[in-house]
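Reader: I am new to this structure and would like a close look at a single part of it, taken slowly. Could you choose one element and explain how the rest is arranged around it?

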Amino acid sequence: MPTTRSKDGADPFPETRRLSLLFTALFYGLLGLLGFLWLLFFQDAHPAEYFHLRSIPLHGILGLLLGGVVVLFSRISVSRFSWAKSMEDEFRTLLRDQPVWTIPLLALFSAVGEELFFRGALQEVVGVWWQAAIFGLVH
């Protein structure tokens with residue numbers, strides 16, 4: 001996908017970018033659905049028990065703090081390393097002119113989908129170490 005616009009300033013591939021985001025959301029949604037169904041039909045625990053709802057405020061605060069640290073280090077990396085600047089340019093190409101809710105929605109889908117699939121289903125089947133190795137290889 002080119003990182004420049006055409007001479008008239010128009011985006012040469014707006015539909016391609018929209019489809020990439022749609023397929024990403026669908027992929028993580030299906031991954032989460034597979035994990036949810038695995039928990040529902042093949043595990044002793046009910047999926048609602050998996051989320052430990054009482055710990056949401058604490059985990060939410062910790063998640064926001066960790067997210068802030070990641071953003072800070074990302075900004076520092078972009079200013080110092082060419083690989084980080086290149087990655088930022090690619091994300092900017094993919095996400096420009098998208099509605100503001102696109103990034104949080106994709107983050108939510110990927111977090112929930114990966115959590116349900118890798119920790120909810122796969123970890124119970126192959127164990128924590130193999131699950132971690134597969135997760136690392138996928139990323």
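**A close look at helix H5**

Author: In helix H5, the residues that count as buried are Thr102, Leu106, Ser110, Gly113, Glu114, Leu116, Phe118, Gly120, Ala121 and Leu122. Everything described here refers to a predicted model, and H5 is the part to keep in view.

To place H5 in its setting, the protein chain has six helices and zero strands, so that reading along the sequence gives the pattern α-α-α-α-α-α. Of the 139 residues in the protein chain, 20% are buried. Among the contacts in the protein chain with a separation of 6 or more, 64% are accounted for by residues 24 or more positions apart, and several of the pairs described below are separated in sequence in this way.

The helix before H5 in the numbering is H4, which covers residues 82-95, has 14 residues and reaches 20 Å from its first C-alpha to its last, close to the 20 Å expected at 1.5 Å a residue. The buried residues of H4 are Ala84, Glu88 and Thr93, and H4 is followed by aspartate 97, whose phi is positive, near 60 degrees.

H5 itself runs over residues 102-126. Its 25 residues should span 36 Å at 1.5 Å a residue, and because its end C-alpha atoms are 33 Å apart, the two values agree. Valine 112, which lies in H5, is partly exposed, with a relative accessible area of 34%.

Several residues of H5 can be paired with parts of the chain that lie well before them in sequence. Valine 112 and glycine 35 are 77 residues apart in sequence, yet their C-alpha atoms are 9.6 Å apart in space. Leucine 37, placed in helix H1, which covers residues 14-42, is partly exposed with a relative accessible area of 34%, and its C-alpha atom is separated by 9.3 Å from that of leucine 116, 79 residues away along the chain. Leucine 116 is one of the buried residues of H5.

Tyrosine 28 also lies in H1, and it counts as buried because its relative accessibility is 18%, under the 20% cut-off. Between tyrosine 28 and serine 110 there are 5.3 Å, C-alpha to C-alpha, although the two are 82 residues apart in sequence. When its neighbours within four places in sequence are left aside, tyrosine 28 is in contact with Phe109, Ser110, Gly113 and Glu114, and of these Ser110, Gly113 and Glu114 are among the buried residues of H5.

At the other end, just after H5, glycine 127 takes a positive phi of about 95 degrees, and helix H6 covers residues 128-138. The axes of H5 and H6 come within 7 Å and cross at roughly 140 degrees, which makes H5 oblique to H6, and the crossing in which H5 passes H6 is right-handed. On the H5 side, the residues that meet H6 are Glu114, Phe118, Arg119, Leu122, Gln123 and Val126, and on the H6 side they are Val128, Trp130, Gln131, Ile134, Phe135 and Val138. Sorted by class, this contact of H5 with H6 has eight nonpolar, two polar and two charged residues. Glu114 appears in both settings, since it is in contact with tyrosine 28 and is also listed among the H5 residues that meet H6.

Key
Residues are numbered from 1 along each chain as its sequence is written. This is a predicted model: local features need pLDDT of at least 70, side-chain atom pairs count only at pLDDT 80 or more; totals for chains, interfaces and linings use all residues. Side-chain values use heavy atoms; hydrogens and water are left out. Axes are lines fitted to C-alpha atoms, for helices over the stretch in contact, and angles run from 0 to 180 degrees between N-to-C directions. Helices (H or I, at least four residues) and strands (E, at least two) are DSSP runs, numbered from the N terminus. Angles under 35 degrees count as roughly parallel, over 145 as roughly antiparallel, 65 to 115 as roughly perpendicular and the rest as oblique. A crossing is left-handed if the near helix is turned anticlockwise from the far one by less than a right angle, and right-handed if clockwise. Contact means heavy atoms within 4.5 Å. Ala, Val, Leu, Ile, Met, Phe, Trp, Tyr, Cys and Pro count as nonpolar, Asp, Glu, Lys and Arg as charged, and the others, Gly among them, as polar. The expected span of a helix is 1.5 Å times one less than its number of residues. Buried means under 20% relative accessible area, exposed over 50%, partly exposed in between (1.4 Å probe, protein chains only).
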